[in-house]
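Thanks, everyone, for making the time. I would like to walk through one model with you, beginning with how its parts meet and then moving to the backbone, so please have the viewer open.

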Amino acid sequence: MEIPEMDASLQSRLQNLFNGATRVTVLTGAGISAESGIPTFRGPEGLWNDYKPEDLATPEAFARDPELVWRWYDWRRGLVAKARPNAAHTALAALERRTAVSVITQNVDGLHTQAGNRELIELHGNIWKVRCTACAVISANTEVPLRAIPPRCARCQRVVRPHIVWFGEAVDPYDYQRSVEMTRSADLFLAIGTSGLVHPAAGLARVAKTAGVTVVEINPDETPQSPLADLVIRDRASHVFEGLNFA
Ligand code: OAD
């Protein structure tokens with residue numbers, strides 16, 4: 001895909017918005033990690049072109065074939081293990097050192113934490129956490145590749161599942177409530193690298209707009225949230241942030 005060079009005036013408008021903001025809330029999706037080498041779900045090279053979410057990312061799929069689901073997650077964990085935060089992740093961490101920044105991410109890759117963001121909601125979970133299907137204990141599991149598929153709970157030896165929100169499952173209501181509050185109380189809201197198709201995260205841009213918060217979208221492609229944005233930057237996230245200064 002050919003993306004035109006970013007207009008310098010767009011970049012300086014974005015820099016001015018950051019400079020003037022006292023509370024920034026950022027919603028991120030798979031696109032922010034694309035340049036770290038982690039495939040997105042939708043789009044020309046998206047995972048959902050080659051795999052069906054109903055076979056791999058639903059509770060029914062896991063009940064039917066936990067080994068298949070775990071083999072897919074084992075492969076993705078291998079990709080994530082090799083990935084490092086890119087310029088967009090590190091810029092958001094630098095921004096948090098000088099301004100109040102909350103990041104709400106749909107990504108399970110942990111790259112915002114690795115970059116240094118602390119005020120973070122992982123709305124869809126984390127690929128390095130597992131949850132026991134019997135005793136519900138959540139624990140860290142960073143084996144790459146997994147020693148046993150499916151992995152088992154250290155406490156009760158029953159099968160664990162990825163601690164990830166799948167299709168047909170609800171996000172943690174507390175996390176969602178906090179996300180809405182962070183969005184409403186911001187003076188600048190950015191949607192970066194998300195297709196805006198998966199709810200409830202997809203509704204946050206409208207929450208921001210309704211609350212009178214300035215909305216910025218950074219995405220090479222048009223999305224359903226584009227018409228809500230006060231500023232749209234059609235570019236890759238890392239390219240946009242490489243040109244900004246948060247020192
Ligand atoms: P998607 O894969 O749906 O969308 C990624 C978005 O990133 C697209 O709009 C791309 O145009 C954009 N994009 C691609 N490269 C980019 C770049 N370098 N910089 C900026 N943007 C770029 O990912 P999400 O919106 O995160 O859920 O998807 C939401 C949820 O759907 C995921 O959390 C996952 C998925 O199914 C589950 O697995 C439950």
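Between domain 1 and domain 2, about 780 Å² is buried, and 62% of that area is on carbon and sulfur atoms. Please keep in mind throughout that this is a predicted model. On the side of domain 1, Ala-30, Val-108 and Asp-109 supply 46% of the area which that domain buries against domain 2, more than any other three residues. As for specific interactions, the rule finds 0 salt bridges across the interface of domain 1 and domain 2, while the corresponding search for polar contacts returns 1 residue pair, with both residues at pLDDT 80 or more.

To place these two parts along the chain, the domain assignment gives domain 1 as 7-37 + 85-124 + 171-247, and domain 2 as 39-82 + 127-164. The contact between them takes 10 residues from domain 1 and 10 residues from domain 2, and the C-alpha centres of the two domains lie 26 Å apart.

Let me turn to a sheet. It is an open sheet of 3 strands, in the order E5-E4-E6, with antiparallel pairing. Strands E5 (138-140) and E6 (160-164) stand at the edges with a single partner strand each, so one side of each is left without a neighbour in the sheet. Neighbouring strands here are turned by 45° against each other on average, if direction is ignored. Strand E4, residues 125-132, is joined to E6 by 4 bridges, and the two run antiparallel; in this pairing, Arg-131 stands opposite Arg-161 in E6. Lying across E4 and E6 is helix H6, residues 66-82, which runs at about 140° to E4.

Finally, the backbone geometry, where a general reminder helps: most residues other than glycine have a negative phi, and most peptide bonds are trans. Where, then, does the model place a cis peptide bond with omega of about -10°? That bond joins Val-144 and Pro-145, and Pro-145 sits in the loop between E5 and E6. The peptide bond from His-199 to Pro-200 is also cis, with omega near 10°, and Pro-200 is found in the loop between strand E7 (188-192) and helix H10 (204-210). Ala-136, in turn, has a positive phi of about 65° although it is not a glycine, and this alanine lies in the loop between E4 and E5.

Key:
Residues are numbered from 1 along each chain as its sequence is written. This is a predicted model: local features need pLDDT of at least 70, side-chain atom pairs count only at pLDDT 80 or more; totals for chains, interfaces and linings use all residues. Side-chain values use heavy atoms; hydrogens and water are left out. Two strands pair if DSSP finds at least two bridges between them. Axes are lines fitted to C-alpha atoms, for helices over the stretch in contact, and angles run from 0 to 180 degrees between N-to-C directions. Contact means heavy atoms within 4.5 Å. Domain bounds come from an automatic or database domain assignment. Buried area is the accessible area (1.4 Å probe) that two parts lose on being put together, summed over both. A salt bridge is a side-chain nitrogen of Lys or Arg within 4 Å of a carboxyl oxygen of Asp or Glu. A polar contact is a pair of N or O atoms within 3.5 Å; within protein, one must be able to donate a hydrogen and the other to accept it, and residues adjacent in sequence count only if both atoms are side-chain atoms.
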